[in-house]
Amino acid sequence: MVAVFDGKNGEWQAEVAEAGKRKGILVCVEESAPQMDPPDLWLLFAPIKKARTDFIVEKAAEMGARRIVPVQTDFTNSERIRQDRLQAHAVEAAEQCGGTYVPEVADLEKLESMLANWPEDRKLMFCDEAEAGNQLFLDQTDDGSPWAILIGPEGGFSDAERARLKSLPFAHVVSLGPRILRADTAAVAAMTLWQQTLGDWR
Ligand code: SAM
């Protein structure tokens, strides 16, 4: 028997009915874990160097992000990502942590176009190292709306982006403490903060 999952229908024990060189057939016999979808959290991040971008996707999948969106900001260096590679990392991470859900990794999108088409009820946790001392009390802003977290690139956000983000009614600017964290550290810290207050751990 082997354990199989497709990210949508739980985990199943399956028998190998046919094993060829290029393809095989598995027959699902019984469900071994029910489908468990994480809370509705998106992670938006500006892609950085390859290994650290891979790390962010892997950790976001482990931490229970439902959707992962690489965004191009004013100071983002990469103009392209390998969406298929990143999606494969998300599958591996879900496998590794025993999850039955695989987050969708979107293709690279311009931050501005995302903001212009923002879903009406979703709140945005805008993580900005320039906001030292601006603690966000997530539980006090909670009205049941879904959230997205936004993490910037190595150079942070431009002044124009900061001004734009701060003018948006759905955006809540937040400090993750007095030190400037690397973008990959900041992504994990922000997801931990959110999960602890509003997510799976409640
Ligand atoms: N140069 C470092 C690097 O190579 O990763 C630091 C990058 S930091 C500017 C990248 C992003 O992490 C920021 O745009 C912000 O979203 C987030 N970040 C880092 N430290 C933070 C803090 N103390 N509070 C809030 N956000 C923070």
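How many helices and strands does the chain have? The chain has six helices and 10 strands. The model described here is predicted.

## Overall form

The chain comprises 202 residues, of which 31% count as buried. Measured out along the principal axes, the C-alpha trace spans about 60 × 35 × 30 Å. Among contacts between residues at least 6 apart in sequence, 74% join residues that are at least 24 apart.

The domain assignment of the chain gives domain 1, covering residues 2-33, and domain 2, covering residues 41-197. The C-alpha centres of domain 1 and domain 2 lie 33 Å apart. Five residues from domain 1 and four residues from domain 2 take part in the contact. On the side of domain 1 that touches domain 2, the residues divide into two nonpolar, two polar and one charged.

## Three helices

The table lists the residue count and the end-to-end C-alpha distance of three helices.

| Helix | Number of residues | Distance between end C-alpha atoms |
|---|---|---|
| α1 | 13 residues | 18 Å |
| α2 | 14 residues | 20 Å |
| α6 | 16 residues | 22 Å |

Helix α1 occupies residues 50-62, and at 1.5 Å a residue it should span 18 Å, which agrees with the distance between its end C-alpha atoms. Its buried residues are Thr53, Ile56, Val57, Ala60 and Ala61. Because these residues cover an arc of only 130° around the axis, they lie on the same side of α1. The partners against which the buried residues of α1 pack are β4 (41-45), β5 (67-72), α2 (83-96), β6 (104-105) and α6 (183-198). Gly64 follows α1 and has a positive phi, near 90°.

For α2, the span expected at 1.5 Å a residue is 20 Å, and the separation of its end C-alpha atoms agrees with this. Leu86, His89, Ala90, Ala93 and Ala94 are the buried residues named in α2. Seen down the axis of α2, the buried residues fall within an arc of 135°, so they line one face of the helix. The elements that cover them include α1, β5 and β6. Just after α2 comes Gly98, with a positive phi of about 70°.

The distance from the first C-alpha of α6 to its last is close to the 22 Å expected at 1.5 Å a residue. In α6 the buried residues are Ala183, Asp184, Ala186, Ala187, Ala190, Met191, Trp194 and Leu198. They cover an arc of only 160° around the axis, which puts them on the same side of α6.

## Individual residues

Is Ile149 buried or exposed? Ile149 is buried, because 24 other C-beta atoms lie within 10 Å, and 20 or more are needed for a residue to count as buried. Its place is in strand β9, which covers residues 147-151. Leaving aside neighbours within four places in sequence, Ile149 is in contact with Leu43, Leu44, Met125, Cys127, Ala190, Met191 and Trp194. Of these contacts, Ala190, Met191 and Trp194 are also among the buried residues of α6. Ile149 and Glu104 are 45 residues apart in sequence, and their C-alpha atoms are 15 Å apart in space.

Asp159 is in helix α5, which covers residues 159-166. Asp159 is exposed, because 9 other C-beta atoms lie within 10 Å and the limit for an exposed residue is 12 or fewer. Asp159 and Met63 are 96 residues apart in sequence and 30 Å apart in space, C-alpha to C-alpha.

Asp200 is found in the segment after α6. With 13 C-beta neighbours inside 10 Å, Asp200 counts as partly exposed. Not counting residues up to four places away in sequence, Asp200 touches Pro38, Pro39, Gly64 and Gln195. The C-alpha atoms of Asp200 and Gly64 are separated by 8.2 Å, although the two residues are 136 residues apart along the chain.

## Surroundings of the ligand

The ligand is surrounded by 17 residues, and the closest are Cys127, Glu129, Gly152, Leu176 and Ala186. By class, the shell around the ligand has eight nonpolar, four polar and five charged residues. Two of the closest residues also appear elsewhere in this report: Cys127 is in contact with Ile149, and Ala186 is one of the buried residues of α6.

Key. Residues numbered from 1 in each chain as written. Predicted model: local features only at pLDDT ≥ 70, side-chain atom pairs only at ≥ 80, totals over all residues. Near = placed C-beta within 6 Å. Nonpolar A, V, L, I, M, F, W, Y, C, P; charged D, E, K, R; others polar. Helix = DSSP H or I, 4+ residues; strand = E, 2+ residues; numbered from the N terminus. Expected span 1.5 Å × (residues − 1). Arc of directions from axis to C-beta. Contact = placed C-beta atoms within 7 Å. Domains from an automatic or database assignment.
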